[in-house]
Every structure is written in structure tokens, then in C-alpha cells.
Amino acid sequence: MPRPLSRRPQHDRWLVSYADFTTLLFAFFVAVYAVTLADTAQLGTLADGITGTPAAQRETEAVRHELEGMLAAEVASRQVALRDDPRGLVLAVPVSHAFADGDARMSEQAEAMFRQIGKALSRLPNQVRIEGHTDNRPIETDLFPSNWELSTARATAVVAFFVDEGLVTPDRLSVAGYAEHRPVAANATPEGRAANRRVAIVVEGRQVAA
């Protein structure tokens, strides 16, 4: 007759629970380690999702507040107007405060103003784009056969001034001339044409590459 099976208590069942706990603990520490190695940009994206404010927007707002403080006198006297743009922050300088009619040479008053603007820009890491704009009145001179040349020459003059004065490094600068083709007001009135004749300094949302 076969002997009955032993019914001794299973004292090693705790090993199963211990193994499960050890596995979970290992997974937890792996996850913590992965978070510490996560890319800063990915963490920034997570923060954006939590706060609801994109990083680029926060940076643009910070740049705007800093420039408003640095250029308070110029903004108050309407030598400079600041506005937000999808590309970043735009400082619009009316041509009447910087250049003679039909000319691309800066006045002494303009040099003092752009020197102050350049000092403000020198403290920032962002790329800076200088854009020239005119009204729709045609021009045809030996130096400027059209408004394309005039608008580009004025923007280039600002870039050259920033570089020559050591205010903004060349690798941060770019230039464009748009003639009369990007107006901000109607050209039907003197006031509208004056608003369109401007040099726009675009502080882009991205920073200069390291």
C-alpha cells in the first residue's frame, strides 16, 4: 500500500512574493534613472504641456520685457515700436527717425538710437534679422534704381553699424529688403506711407547656434 503524500507546510512560498517585489523595485529604479537622463528638450515639452505656455512664447515674452526696460526712452518717444510676431519680437524704427528721404545714410540721431538698441541686443543670445521697408512711391536714382535697392541698403546700413560698433556679432545677423510689398498701413495717406517707411529689427525666437 503506497504511503500517503507528506502535507508539510510550504515554508518557501515567500520567495515568490519577494521575487515579485524585487522585480517591481528594479523597474522603479530603472524608470528613475531614465528620467535623470532624459533630454532637456523633452522635459521642456512636458513642462509646456503642464503650464500650457510654449517654451518659445515664454522666451519671446522674456526678451520683450527686457528690451522694453532697456529701450524705455525710445519707446516713450516713439522712436521704436515693439510688437509680437510669429517669428519673434519686432522693433520697428520709422525711417523719419533714421534716414533722409530717398537716402540710406544714417543721421547722427539715428546712430545714437541704434547704438542704444545694439547695446540691448548685445545682452541677448537670439538671432537678429534686419528688414528694410518703403512706401509705394517709386524711386529711380543712380544709387537706388528702385525701392528694392533702397530698402535693402537701409537694412544693410543698420547691420554694418551693429558690426562696426561691436554691438552684435555677425553670426547673429541677417538682412532683407522688401521694398513696398509688406505694408503695415494703407499708402493712401501721408500717415500710412510714413508707417510703411521703416526698418524692422526682428529678434527671432531661436538662439544663435553654439
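**Exercise 1.** In this predicted model, Asp103 has a relative accessible area of 15%; classify Asp103 and then its salt-bridge partner.

*Solution.*
- Step 1. Buried means under 20% relative accessible area, so Asp103, with 15%, is buried.
- Step 2. The side chain of Asp103 forms a salt bridge with that of Arg105, at 2.9 Å from N to O.
- Step 3. Exposed means over 50%; Arg105 has 64% relative accessibility and therefore counts as exposed.

**Exercise 2.** Describe the salt bridges of Arg87 and the burial of the residues involved.

*Solution.*
- Step 1. Arg87 pairs with Asp85 at 2.8 Å, N to O.
- Step 2. Asp85 counts as buried, at 18% relative accessibility, whereas Arg87 is partly exposed, at 32%.
- Step 3. Arg87 also pairs with Glu131, at 2.4 Å, N to O. This pair links distant parts of the chain: Glu131 lies in strand β3 (residues 126-133) and Arg87 in the loop between β1 (81-85) and β2, 44 residues apart.
- Step 4. Glu131 has a relative accessible area of 2% and is buried.
- Step 5. The whole structure holds eleven salt bridges.

**Exercise 3.** Characterise the largest pocket by its volume and its lining.

*Solution.*
- Step 1. The largest pocket contains about 150 Å³ of space.
- Step 2. Its lining includes Val75, Arg78, Val93, Pro94 and Arg198.
- Step 3. Strand β2 (88-94) and helix α7 (190-196) each supply at least two lining residues; β2 gives the most, with three.
- Step 4. By class, the lining has eight nonpolar residues, no polar ones and three charged ones.

Technical notes. Residues numbered from 1 in each chain as written. Predicted model: local features only at pLDDT ≥ 70, side-chain atom pairs only at ≥ 80, totals over all residues. Heavy atoms only, no water. 1 Å grid on protein atoms, 1.4 Å probe; cavity = no way out; pocket = protein on both sides within 12 Å on 5 of 7 lines; lining within 4 Å. Points joined across faces, edges and corners; volume = space filled by probe spheres on them. Helix = DSSP H or I, 4+ residues; strand = E, 2+ residues; numbered from the N terminus. Nonpolar A, V, L, I, M, F, W, Y, C, P; charged D, E, K, R; others polar. Salt bridge = Lys/Arg side-chain N within 4 Å of Asp/Glu carboxyl O. Buried < 20%, exposed > 50% of the residue type's maximum accessible area, 1.4 Å probe, protein only.
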